[in-house]
Each structure stands twice: as structure tokens, then as C-alpha cells.
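Visitor: I am new to looking at protein models, and I would like to learn how to read one feature at a time. Could you guide me through this one?

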Amino acid sequence: MKKTVIAAIIAVLLIAFVPLFALKDAEFGGSDDAGSQVVEEVDSSYEPWAAPVLEKILGGELPGEVESLLFCVQTGIGVGIIAFVMGRFVERKKWMKE
């Protein structure tokens with residue numbers, strides 16, 4: 001059991017770090033960047049019809065660190081909800097046995 005866990009951790013680390021060293025000059029971009037590039041290629045006169053709410057309130061673009069923070073908070077809330085639901089299923093299973 002312990003060997004399996006260690007092997008899994010090593011595999012995860014390799015999957016995460018090998019691309020960084022194998023592709024030295026590669027640019028790792030997000031899906032937002034790729035999508036906006038495709039839109040520019042298809043229709044260069046496209047004007048967005050909506051803007052992010054926080055950018056309108058602040059009058060400018062959010063710093064990258066704030067965007068990352070909000071993304072992490074959103075992820076944490078989602079994981080908390082999923083863990084809560086899974087815990088309820090486990091508890092329900094235990095109560096049904098008794």
C-alpha cells in the first residue's frame with residue numbers, strides 16, 4: 001500500500017514538472033487567451049457585448065493576483081460543496097445499515 005502511494009505521488013510530480021523542463025521556450029497560456037486569439041482570427045472587428053462586473057466597478061482590469069485569488073476561492077467553495085455532499089452520502093449509507 002505504501003509503495004503504491006509513493007509511486008502515485010512520484011507519477012503526479014513527473015506529470016506536473018516534466019513539461020516545464022522538456023519544453024524550455026514554450027508559452028503556457030490559458031483557454032481565455034486561446035479563445036480571444038481565435039475570435040481575432042475569425043472576425044477582427046468583433047466587439048465584446050459584455051464586460052466583467054468587477055472591471056466595470058473598479059474602472060479597470062483586475063490584477064492577476066486578485067484574479068488568481070478569486071479563482072482559488074471559487075475552487076475552494078466548489079470543493080467544499082462536493083466534499084459535503086459526498087460526506088452526506090457516506091453518512092446516509094452508515095445510517096441505513098443500522
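**Reading a predicted model**

Guide: Let us begin with a single residue, Y46, which is found in the loop between helix 2 (31-42) and helix 3, and let us keep in mind that this is a predicted model.

Visitor: Is Y46 buried or exposed, or something in between?

Guide: Residues are called buried under 20% relative accessible area and exposed over 50%, with partly exposed in between. Y46 has a relative accessible area of 38%, so Y46 is partly exposed.

Visitor: How many residues separate Y46 and V79 in sequence, and what is their separation in space?

Guide: Y46 and V79 are 33 residues apart in sequence, and from C-alpha to C-alpha they are 36 Å apart in space. A second pair can be read in the same manner: E91 and P19 are 72 residues apart in sequence, with 41 Å between their C-alpha atoms.

Visitor: Where does E91 lie, and how should I read that helix?

Guide: E91 lies in helix 4, and with a relative accessible area of 36% this residue is partly exposed. Helix 4 itself has 34 residues and reaches 50 Å from its first C-alpha to its last, which is close to the 50 Å expected at 1.5 Å a residue. Of those 34 residues the number buried is 0, so helix 4 lies largely in the open.

Visitor: Which residues make a nonpolar patch on the surface?

Guide: Such a patch, of about 770 Å², is made by M1, V5, I9, L13, F17, L20 and F21. One of these residues, L20, lies in helix 1 (residues 2-22), and L20 counts as partly exposed because its relative accessible area is 44%.

Visitor: Which residues gather in a patch of negative charge?

Guide: On the surface, D32, D33, E61 and E67 gather in a patch of negative charge. Among them, E61 has its place in the loop between helix 3 (53-58) and helix 4 (64-97).

Visitor: Why does E61 count as exposed?

Guide: The cut-off for exposed is over 50% relative accessible area, and E61 counts as exposed because its relative accessibility is 68%.

How values were computed: Residues are numbered from 1 along each chain as its sequence is written. This is a predicted model: local features need pLDDT of at least 70, side-chain atom pairs count only at pLDDT 80 or more; totals for chains, interfaces and linings use all residues. Side-chain values use heavy atoms; hydrogens and water are left out. Patches are made of residues with over 30% relative accessible area and no salt bridge: like charges are joined within 9 Å, nonpolar side chains (Val, Leu, Ile, Met, Phe, Trp, Tyr) within 5 Å. Accessible areas come from the Shrake-Rupley method with a 1.4 Å probe; for residues, only the protein chains shown count as cover. A salt bridge is a side-chain nitrogen of Lys or Arg within 4 Å of a carboxyl oxygen of Asp or Glu. Lys and Arg count as positive and Asp and Glu as negative; His and the chain ends are not counted. The place of a charge is taken as NZ of Lys, CZ of Arg, CG of Asp or CD of Glu. Helices (H or I, at least four residues) and strands (E, at least two) are DSSP runs, numbered from the N terminus. Buried means under 20% relative accessible area, exposed over 50%, partly exposed in between (1.4 Å probe, protein chains only). The expected span of a helix is 1.5 Å times one less than its number of residues.
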